Amino acid sequence: MKQVTLIFVLILGVVFGTAANKPSKQKEVKIKTSAQCEMCKERIEKNLSLSKGIVEAVLNLDDKVVTVKYNPKKTDEAKIKQIIIETGYDADNLMCVQSAHDKLPDCCQKNAAPHGH
Ligand SMILES: [Cu+2]
């Protein structure tokens, strides 16, 4: 009988423990991009935030890392990276889609000289 009680307590612990481990259904991912300037930042953030399942996208121009908050039921990291490369920028180890990159303003292309505007 004692053993049954112990098992019951263990199961309860697992159930409540699991629930406590996910306070929200949101996930966050940080992706390194090839953004060059403020325009790139706006372009990437806008394209991401308009996409399904993405709650928020904030790009830091200092390290070019975009932090994306998303709903894992509606999207995933691979899809998020796909949006970035289709916008014309590298996403971590993925190369940008060349045709999309070539449509960017000169200053936003990867071989552009460092600049601020
Ligand atoms: Cu730019």
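Trainee: Which residues touch the most other members of the largest nonpolar core?

Mentor: This is a predicted model. In its largest nonpolar core of 19 residues, they are Ile44, Leu48, Val68, Ile80, Ile84 and Tyr89. Helix 2, strand 2, strand 3 and helix 3 each supply at least two core residues. Helix 3 gives the most, with four.

Trainee: What makes Ile80 of helix 3 count as buried?

Mentor: The cut-off is 20 or more other C-beta atoms within 10 Å of its own. Ile80 is listed as buried, so it meets that cut-off. Lys81, Ile83, Ile84, Ile85 and Thr87 of helix 3 are buried too.

Trainee: Which residues does Ile80 touch, leaving out those up to four places away in sequence?

Mentor: Val29, Ile31, Leu48, Ile54, Val68, Tyr70 and Thr75. Contact requires C-beta atoms within 7 Å, so each of these lies within that distance of Ile80.

Trainee: What covers the buried residues of helix 3?

Mentor: The cover includes strand 1, helix 2, strand 2, strand 3 and helix 4.

Trainee: How do you know that strand 1 and strand 3 pair?

Mentor: Pairing needs at least two bridges. Six bridges join strand 1 to strand 3, so they pair. They run antiparallel. Lys32 stands opposite Val65 in strand 3.

Trainee: Why are strand 1 and strand 2 called edge strands?

Mentor: The open sheet has the order 1-3-2. Strand 1 and strand 2 each pair on one side only. Helix 3 packs on this sheet and touches strand 1, strand 2 and strand 3. Its direction makes about 40° with that of strand 1.

How values were computed
Residues numbered from 1 in each chain as written. Predicted model: local features only at pLDDT ≥ 70, side-chain atom pairs only at ≥ 80, totals over all residues. Buried ≥ 20, exposed ≤ 12 C-beta atoms within 10 Å, placed from the backbone. Contact = placed C-beta atoms within 7 Å. Core = buried A, V, L, I, M, F, W, Y, C linked by C-beta atoms within 7 Å. Axes fitted to C-alpha atoms, helices over the stretch in contact; angles between N-to-C directions.
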